[in-house]
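Biologist: I have the structure open next to the sequence. Can you walk me through it?

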Amino acid sequence: MTTTTYRTCPRSGLQFESQAEKLMIVNAVTAVVALLVGGILAIGVVLTRWPTIHWLAADTFYMVLTAHGIDMLIFWIIFFEMAVLYFCSSTLLRCRIATPKVAWVAFVLMLVGAIMNNVAVFQGSSSVMMTSYVPMMADPTFYLGLILFAVGALIGCFVFFGTLVIAKREKTYQGSVPLVTFGAITAAIIAVFTIASGAIILIPTFLLSVGVISSVDPLIYRTIWWAFGHSSQQINVAAHISIWYAVAAIAFGAKPMSERVSRGAFLLYILFLQLASAHHLLADPGVSTAWKVVNTSYFMYFAVLASMIHGLTIPGAIEVAQRAKGYNNGLFEWLRKAPWGNPVWSGVFISIIGFGFLGGISGVMMGTEQLNMIIHNTIYVPGHFHATVVVGTTLSFMALTYFLIPVLFRREMINPGLAKLQPYLFGFSMYFFCLVMMGAGTLGVSRRHWDMAFNGAPMAYEWPGAAYLLMGLVGIAGIAAIVGGAIYIYITVGSLLWGKKLNGGSVSANFTPIPPTAPTAAAQSYGSAGFAAPGTFVLAMVFLVSFVLYYFINWKYLSQVWGLS
Ligand code: HEM
Ligand SMILES: [Cu+2]
């Protein structure tokens, strides 16, 4: 039997159980490898969509785009999430991980699945895009790879739940689980639903690809695929918001403004996410307008409400904590005096603002049935979701990594000067990238089309010149963001390989209760801070005004799409 030991990190006070620690490390490192592959592929995608360069031939472009989407959105994000789940259970609750052997099986399944899927894509006959809509068909190993990966991820979620049970039984924490863990529980519950939906649709599609069944209905496919595809984004949101709370606690000692309100907001995600999936079917035949409007324009807002609550209470909690430290001058001294040179904080802040303003506002606009017509299947769509999955999720994961390098990996960060810069370069170039994509999409530039000029097509289409200009800017901003991503990989991998080894701290055979003075105690306990945060409310009003203006500008724009009057 392997012996379980607990290491107490001298820099954070966090306690790492030996098995959990290894599992977090392999999952996080594999995630970064997937990010590296996806990032290299992004070069091909970006340089092809940049009209003056238009680099790759059509078949290569679609292959590269398929692999980019899957390596990034599935493999990078979910491997990293496994590490986050183990961190939020074993580390934050200071308990041993349940069934470490099973957790290793989960990891191996995910790894085999990810490799199998990539091999299928790069063999060239599986360029079906991330969404893999039927009747397009990929190689059977494409689906099998995804299914193995999903089974592994599901097992990982059960190891997470098992770890919570152990913590409860062995009484390693007092009272309720901390909010960060609560957010991770939300993510894992949603993950179970998500993976079940994925299985319901991918298993028949796999059987179709090997010839066991003769057809899968395309409309049913889309409906169920999006129960999976949309919900998986809700996992990401729950995970990155948990990280925001964790960083607020770690960097500022901030307690949530109200534990109940924040927990209630996480619950809203679980209740309303399936209904919100309907926003992916807004242009589909077969479902009624009434059904679309009820699901997207009413129920979806409850999920949006939840995100807005987090977007308000996280900066609010930080403001309360900063004011308590004496940064009380004016509305914004608390924000000016935040540690802007610390990439853990700057990454999270840039993520919160970009996720809310760019991802959130554009998402509500797109989710409105009528307005959806303006941007449906245009490059606006990847403009929106890069604001959510890159600025929101990816940048938050990057910020957390900077915290984990000394704490989990026990290395001194190489090149801290470059690390200071990285969130600004990556975050702001991504802001710009998303904005120009949305601009080009509003002018109608199509999504995923290899050649926006439609050269050789029987019917020509004249774009306004601005559309080419905007797509050129997409290229420039995309390359800048890729450089930002490369710096992240250089710093993380470099620190693991060449960073100075740090003292791991004392090791014992038993867990210890959380010392209330630990630097991360606020992330590991229960308690509310109250609501006195005037600066944050001003920021919220700025958000509201931008939201309303942008929404109504689009209604005005919609009225001009068809010259009916
Ligand atoms: C520097 C970073 C990145 C750049 C420059 C970039 C660029 C692009 C571009 C230009 C497209 C193609 C748009 C089109 O023609 O339809 C695309 C698609 C996509 N990207 Fe990224 N991306 C980056 C990072 C990411 C990350 C981190 C994720 C996920 C976490 C991601 C997920 C996706 C997905 C899911 C697609 C759609 C694939 C499909 O249509 O099947 N990207 N990206
Ligand atoms: Cu969605």
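**Walking through the model**

Modeller: Start with Val 542, which sits in helix H15, residues 534-561. Keep in mind that this is a predicted model.

Biologist: Is Val 542 buried or exposed?

Modeller: Exposed, because only 11 other C-beta atoms lie within 10 Å, and the exposed class takes 12 or fewer.

Biologist: How far is Val 542 from Phe 357?

Modeller: In sequence, 185 residues. In space, 9.9 Å from C-alpha to C-alpha.

Biologist: Which helix holds Phe 357?

Modeller: Helix H10, residues 343-366.

Biologist: And what does Phe 357 touch, leaving aside neighbours within four places in sequence?

Modeller: Phe 543 and Ser 546.

Biologist: Why does Phe 357 count as partly exposed?

Modeller: It has 19 C-beta neighbours inside 10 Å. A buried residue needs 20 or more, so Phe 357 counts as partly exposed.

Biologist: How far apart are Phe 357 and Ile 375?

Modeller: Their C-alpha atoms are separated by 18 Å. Along the chain the two are 18 residues apart.

Biologist: New topic, the ligand. How many residues surround ligand 1, and which are the closest?

Modeller: There are 28 residues around ligand 1. The closest are Gly 69, Met 72, Met 129, Met 130 and Gly 478.

Biologist: Which elements give two or more residues to that shell?

Modeller: Four helices: H1 (18-49), H2 (58-91), H12 (380-407) and H14 (465-498).

Biologist: Which one gives the largest share?

Modeller: H2, with eight residues of the shell around ligand 1.

Biologist: How do the shell residues divide by character?

Modeller: Into 16 nonpolar, nine polar and three charged.

Biologist: Back to H12. Where does H12 bend?

Modeller: At His 386, by about 30°.

Biologist: What about its length: what should H12 span, and how far apart are its ends?

Modeller: H12 has 28 residues, so at 1.5 Å a residue it should span 40 Å. The end C-alpha atoms are 39 Å apart, which agrees.

Biologist: How many residues of H12 are buried?

Modeller: 26 of its 28, so "mostly covered" fits H12 under the 20-neighbour cut-off for a buried residue.

Biologist: And what comes just before H12, in the loop after H11?

Modeller: Asn 377 lies in that loop, between helix H11 (369-375) and H12. Asn 377 has a positive phi of about 60°, although it is not a glycine. Asn 377 is partly exposed, with 14 other C-beta atoms within 10 Å.

Biologist: What is the phi of Thr 99?

Modeller: Near 35°, a positive value in a residue other than glycine. Thr 99 is in the loop between H2 and H3. With 16 C-beta neighbours inside 10 Å, Thr 99 counts as partly exposed.

Biologist: Which peptide bond is cis?

Modeller: The one from Val 134 to Pro 135, with omega near 5°. Pro 135 falls in the loop between helix H3 (100-122) and helix H4 (140-169).

Biologist: Now H8. How far does H8 reach?

Modeller: Helix H8 covers residues 289-324, 36 residues in total. From first C-alpha to last, H8 reaches 51 Å, close to the 52 Å expected at 1.5 Å a residue.

Biologist: Where does H8 bend, and by how much?

Modeller: At Tyr 301, by about 35°. Just after H8, Gly 326 takes a positive phi of about 105°.

Biologist: What does Ser 297 touch, not counting residues up to four places away?

Modeller: Thr 368 and Glu 369. Ser 297 lies in helix H8. It is partly exposed, with 16 other C-beta atoms within 10 Å.

Biologist: And how far is Ser 297 from Met 63?

Modeller: The C-alpha atoms are separated by 35 Å, with the two positions 234 residues apart along the chain.

Biologist: Last topic, strands. What is the order of the strands in the open sheet?

Modeller: S2-S1-S3, three strands with antiparallel pairing. The edge strands are S2 (15-17) and S3 (507-508), and each pairs on one side only.

Biologist: Over how many bridges do S1 and S3 pair?

Modeller: Two, in the antiparallel sense; S1 is residues 6-8.

Biologist: Which residue in S3 stands opposite Tyr 6?

Modeller: Ser 508.

Technical notes
Residues numbered from 1 in each chain as written. Chains lettered and ligands numbered in written order. Predicted model: local features only at pLDDT ≥ 70, side-chain atom pairs only at ≥ 80, totals over all residues. Near = placed C-beta within 6 Å. Nonpolar A, V, L, I, M, F, W, Y, C, P; charged D, E, K, R; others polar. Pairing = 2+ DSSP bridges. Contact = placed C-beta atoms within 7 Å. Expected span 1.5 Å × (residues − 1). Bend = angle between axes of the 7 residues up to and from the residue.
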